[in-house]
Amino acid sequence: MNFKELTYFLDGLVNKIGIPGIDCVVLKEHDMVYRHFAGYKDVKNKRKIEGNEIYNFYSLTKIITVVSALQLVEKGLLSLDDPVYEFIPEARHLTYLKDIGNGKTEISETRKIMTIKHLFTMTAGFDYDIHKKEIVEVEKKTDNKAPTQEVIRTLVQTPLLFEPGEHWNYSLCHDVLGAVIEIVSGKKLSEYMKENVFLPLGMSESGFKRNYTKSDRFALQYFYDDEEKKAKEMTIENDHVFGSEYESGGAGLISTVDDYLKFAETMTYKGLSRSGTRILSEKYVDILRTNQLSEKQLPDLDWIQLKGYGYGLGVRTLMDPKLGNTLSTIGEFGWSGAGGMYVSMDPTKKLTILYAQHMRNNLEPYVHPRLRNQVYKALLS
């Protein structure tokens, strides 16, 4: 293994591209074969990345949410084929924006039932408008508390973009799934995850607690200005969290690299942790990382960094390495986050990659494919 070029690439992200700080870990089997961090968690005050930073993990939350929901499926408390309205009655009578030609739409009643599988696979028809007026009204009505289930009960009453199952669209589906987890388990999403994922895996620094942001270990958050080609400091708050009581199954997690790595490594080993704790059966991990999109839906997954990938139960999953120009293995899976976080889990190669940065407008299409190929190239050298 020769990671010299990977280190050169990562240092270049800081010194040439302008990402304030990075942290990258590679596990091969159960060995940490590479760890490199560079740059700053606080550029202005020259506070360097030390490897113990706390971050908003944003959409890397999603993988933990879908695993949590699959635990309920495995226990027989939930089924992928269940109608969402069985848990959220407001979802019984849905509407969508029907295309009537000439670029116009009209609100029409759906003919298809929204199922739990639609939530897993991002095919339910929701959008990702976290500032829509209906959500803002819930915030105001609840004195900025915005309890999770109340937000979601309101959300499902707004018009969908399309009939459930017609297309793939990245959206608030996993926030809705988080609410379903609460309803089925009778616990807040954070409580369920703590009992069924975090504690079993020894993830002591993962959760939805806002007071984590007061720690001096919390990496400052930046935004990349495309015009100035420069990262600028922004608020450390997560705008995907609508209120003090809202727990976002799609983007609410706060964690550290070392903590999240415990979960990622467990998923690389198909639900079995290093210590021998199983959080999900091998069978369901394989279902999770199997493409679930139809030939009609697959073209909707048109992000440039996801060429060659399909979408499973809440994760990208590699289907065609040649199409994606990737050195990774068919069935390698994972996701990424709005701040630039990236995780890759490859059960075939027993390889786990976790990359962290804390910069919105994150340059993901440039960073992630190159990062992944540099890791696989290093392992082949």
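Contact means that heavy atoms lie within 4.5 Å of each other. This report applies that term, and a few others, to a predicted model, in which local features need pLDDT of at least 70, side-chain atom pairs count only at pLDDT 80 or more, and totals for chains, interfaces and linings use all residues. Residues are numbered from 1 along each chain as its sequence is written, and side-chain values use heavy atoms, with hydrogens and water left out.

**Arginine 35 and glutamate 53**

Arginine 35 belongs to strand 2; helices (H or I, at least four residues) and strands (E, at least two) are DSSP runs, numbered from the N terminus. Not counting residues up to four places away in sequence, arginine 35 touches Asp23, Cys24, Val25, Gly51, Val257 and Asp258. Its relative accessibility is 24%, so arginine 35 counts as partly exposed; buried means under 20% relative accessible area, exposed over 50%, and partly exposed in between (1.4 Å probe, protein chains only). The C-alpha atom of arginine 35 is separated by 9.9 Å from that of phenylalanine 3, and the two residues are 32 residues apart along the chain.

Glutamate 53 is placed in the loop between strand 3 and strand 4. With a relative accessible area of 1%, glutamate 53 is buried. Leaving aside neighbours within four places in sequence, glutamate 53 is in contact with Lys41, Lys48, Arg217, Ala219, Ser255, Thr256 and Val257.

Both side chains take part in polar contacts. A polar contact is a pair of N or O atoms within 3.5 Å; within protein, one must be able to donate a hydrogen and the other to accept it, and residues adjacent in sequence count only if both atoms are side-chain atoms. The table lists these pairs.

| Side chain | Partner | Distance |
|---|---|---|
| arginine 35 | side chain of aspartate 23 | 2.8 Å |
| arginine 35 | backbone oxygen of glycine 51 | 2.9 Å |
| glutamate 53 | backbone nitrogen of glutamate 50 | 2.8 Å |
| glutamate 53 | backbone nitrogen of glycine 51 | 2.8 Å |

Glycine 51 thus appears with its backbone oxygen for arginine 35 and with its backbone nitrogen for glutamate 53.

**The sheets**

Strands of a sheet pair through backbone hydrogen bonds, either parallel or antiparallel. Here, two strands pair if DSSP finds at least two bridges between them. An open sheet of 8 strands has the order 3-2-1-14-13-12-11-10, with antiparallel pairing. At its edges stand strand 3 (47-48) and strand 10 (309-311), each of which pairs on one side only. Strand 10 and strand 11 (residues 316-318) run antiparallel and are joined by 3 bridges, with glycine 310 opposite threonine 317 in strand 11.

Another open sheet consists of 3 strands in the order 8-7-15, and its pairing is mixed. Strand 8 (230-234) and strand 15 (359-360) are the edges; each has a single partner strand, so one side of each is left without a neighbour in the sheet. Strand 7 (residues 221-225) pairs with strand 15 in the parallel sense over 2 bridges, and phenylalanine 223 has arginine 360 of strand 15 as its bridge partner.

Strand 4 (residues 54-58) is mostly covered, as 5 of its 5 residues are buried. This strand pairs with strand 9 in the antiparallel sense over 4 bridges, and tyrosine 55 has serine 255 of strand 9 as its bridge partner.

**The helices**

Helix 1 (residues 4-17) has 14 residues; at 1.5 Å a residue it should span 20 Å, and its end C-alpha atoms are 19 Å apart, which agrees. The expected span of a helix is 1.5 Å times one less than its number of residues. Helix 1 has a kink of about 30 degrees centred on aspartate 11, where the bend at a residue is the angle between axes fitted to the seven residues ending there and the seven starting there. Its buried residues are Leu6, Phe9, Leu10, Gly12, Leu13 and Val14. Among the elements that cover them are strand 1 (21-28), strand 2 (31-42), strand 14 (351-356) and helix 11 (364-380). Glycine 18, with a positive phi near 105 degrees, follows helix 1.

Helix 7 bends by about 40 degrees at glutamate 195. Its buried residues pack against helix 2 (61-74), helix 6 (173-185), strand 9 (253-256) and helix 8 (257-268).

Helix 11 contains histidine 368, which is buried with a relative accessible area of 3%. Leaving aside neighbours within four places in sequence, histidine 368 is in contact with Ser336, Gly340, Met341, Tyr342 and Tyr355.
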